[in-house]
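Colleague: I should like to go through the assignments in this model one by one. For each, please set the value against the criterion that was applied.

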Amino acid sequence: MARVGAIDCGTNSIRLLIADVEDGGLSDVVREMKVVRLGQGVDATGALAPEALDRTFAAAEEYAEQLRSQGVESLRFVATSATRDAANRQVFVDGIRDRLGVEPEVISGREEAELSFAGASSVLAPAPGEKVLVVDLGGGSTEFVLGTADGVLAALSTDMGCVRFTERHLRSDPPTAAEIAEAVADAEQHLARVLDEVPLAEVDRLVGVAGSVTTVTAHALQLDQYRSEAIHGARLEGDRLDAACTSLLEMTRQQRAALPYMHPGRVDVIGAGALIWRTVARRLTALTAGRVDGATASEHDILDGIALSAATRLPTQRAPGT
């Protein structure tokens with residue numbers, strides 16, 4: 001058994017997983033998320049904002065203390081869309097190295113997709129012969145990865161995410177019909193590119209991961225608070241998923257903030273996340289002639305994939321103080 005640490009630093013949030021790895025599986029010790037909005041303004045400026053870097057570095061310092069206190073033996077830090085796009089990403093890399101003692105990896109969209117599939121399939125494994133599409137809907141990008149029990153068949157990362165689409169399209173509160181139509185058209189263009197790489201018509205099951213998907217699921221289930229155990233593995237039929245997405249998209253930010261399962265850091269961007277998720281689900285239903293109607297939510301995602309990969313690196317990368 002080994003104790004590993006995984007950090008996923010995305011466009012909207014930075015997440016920590018400390019887990020014990022035994023017999024190829026993970027047993028959570030700490031699982032935590034902080035919304036730092038690292039990707040604030042990156043879509044427009046191409047650079048990480050100083051205040052966004054400060055928020056992220058403060059979170060990293062807190063995580064460093066937890067990694068030390070929990071006796072983590074191996075740590076992997078992965079950064080995704082916002083950092084890939086930023087001209088000043090070296091400032092971020094240097095700051096994380098100084099605080100955590102490991103080199104943050106700015107991974108490609110392809111590797112991001114593969115890690116998401118590994119994390120989701122570790123608990124929602126495809127049945128023999130089943131083709132599962134895992135969609136990781138993040139703040140700056142959305143990954144599409146098609147795979148079977150034997151591994152990944154095709155994958156693509158796209159530059160659409162809940163933060164990017166909010167800043168680019170959904171500026172009003174609530175979004176106007178024109179803004180929604182513009183965002184849907186943008187999402188459809190991204191999906192057209194996905195189709196060139198990923199055979200979506202062959203999909204047997206759709207699995208969604210990350211905060212936008214799980215929040216939509218919590219909304220559909222009308223939970224009295226955010227409860228991971230109720231969300232993980234929950235399957236929404238197409239009509240129910242569609243209605244939940246549309247409801248969140250059309251709400252005001254004040255109405256979203258009042259929902260008992262809504263994280264404060266998602267209030268302003270969940271409308272765009274819901275729009276993207278609705279567009280993906282609708283397109284997949286059409287492409288499969290209704291064979292795939294709806295989706296399953298997974299609380300296990302790229303963070304779990306990072307943790308599993310960290311176990312293979314023992315003892316080359318050590319956490320701070322170990």
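Colleague: What makes Glu111 partly exposed, rather than buried or exposed?

Modeller: The relative accessible area of Glu111 is 28%. Buried means under 20% relative accessible area, exposed means over 50%, and partly exposed is in between, with a 1.4 Å probe and protein chains only. Glu111 is therefore partly exposed. This is a predicted model, in which local features need pLDDT of at least 70 and side-chain atom pairs count only at pLDDT 80 or more, while totals for chains, interfaces and linings use all residues. Residues are numbered from 1 along each chain as its sequence is written, and side-chain values use heavy atoms, with hydrogens and water left out.

Colleague: Why is the contact of Glu111 and Arg76 called a salt bridge?

Modeller: The N to O distance between their side chains is 2.7 Å. A salt bridge is a side-chain nitrogen of Lys or Arg within 4 Å of a carboxyl oxygen of Asp or Glu, so the pair qualifies. Glu111 lies in helix α5 (residues 109-121) and Arg76 in strand β4 (residues 74-79), so the salt bridge ties together parts that are 35 residues apart in sequence. Helices (H or I, at least four residues) and strands (E, at least two) are DSSP runs, numbered from the N terminus. Arg76 has a relative accessible area of 3% and is therefore buried.

Colleague: How do you know that Asp224 and Arg227 form a salt bridge, and is Asp224 buried or exposed?

Modeller: Their closest N and O atoms are 3.5 Å apart, which means that they satisfy the salt-bridge criterion. Asp224 is exposed, at 55% relative accessible area, whereas Arg227 is partly exposed at 28%. Elsewhere, salt bridges with shared partners join Asp43, Asp85, Asp159, Arg164, Arg168 and Asp186 into one network. The structure holds 29 salt bridges. Among them is that of Lys34 with Glu32, with closest N and O atoms 3.2 Å apart. Lys34 counts as partly exposed at 22% relative accessibility, and Glu32 counts as partly exposed at 24%.

Colleague: Why are no disulfides assigned to Cys9 and Cys245?

Modeller: A disulfide is a pair of cysteine sulfur atoms within 2.5 Å. For Cys9, the closest cysteine sulfur is in Cys162, at 14 Å, which is too far for a bond. For Cys245, the closest cysteine sulfur is likewise in Cys162, at 13 Å, again too far. The search of the whole structure finds zero disulfides. Cys9 is buried, with a relative accessible area of 0%, and Cys245 is buried at 1%.

Colleague: What makes Asp242 buried, and which residues does Asp242 contact?

Modeller: The relative accessible area of Asp242 is 19%, so the residue is buried. Asp242 has its place in helix α10 (residues 238-250). Apart from neighbours within four places in sequence, Asp242 is in contact (heavy atoms within 4.5 Å) with Arg278 and Arg282.

Colleague: How do you know that β10 pairs with β11, and what makes β10 an edge strand?

Modeller: Two strands pair if DSSP finds at least two bridges between them. Strands β10 and β11 (residues 294-298) have three bridges, in the antiparallel sense, and therefore pair. Within this pairing, Glu237 stands opposite Gly294 in β11. The open sheet has six strands in the order β8-β7-β6-β9-β11-β10, with mixed pairing. Strands β8 (151-158) and β10 (235-237) are the edge strands, as each pairs on one side only.
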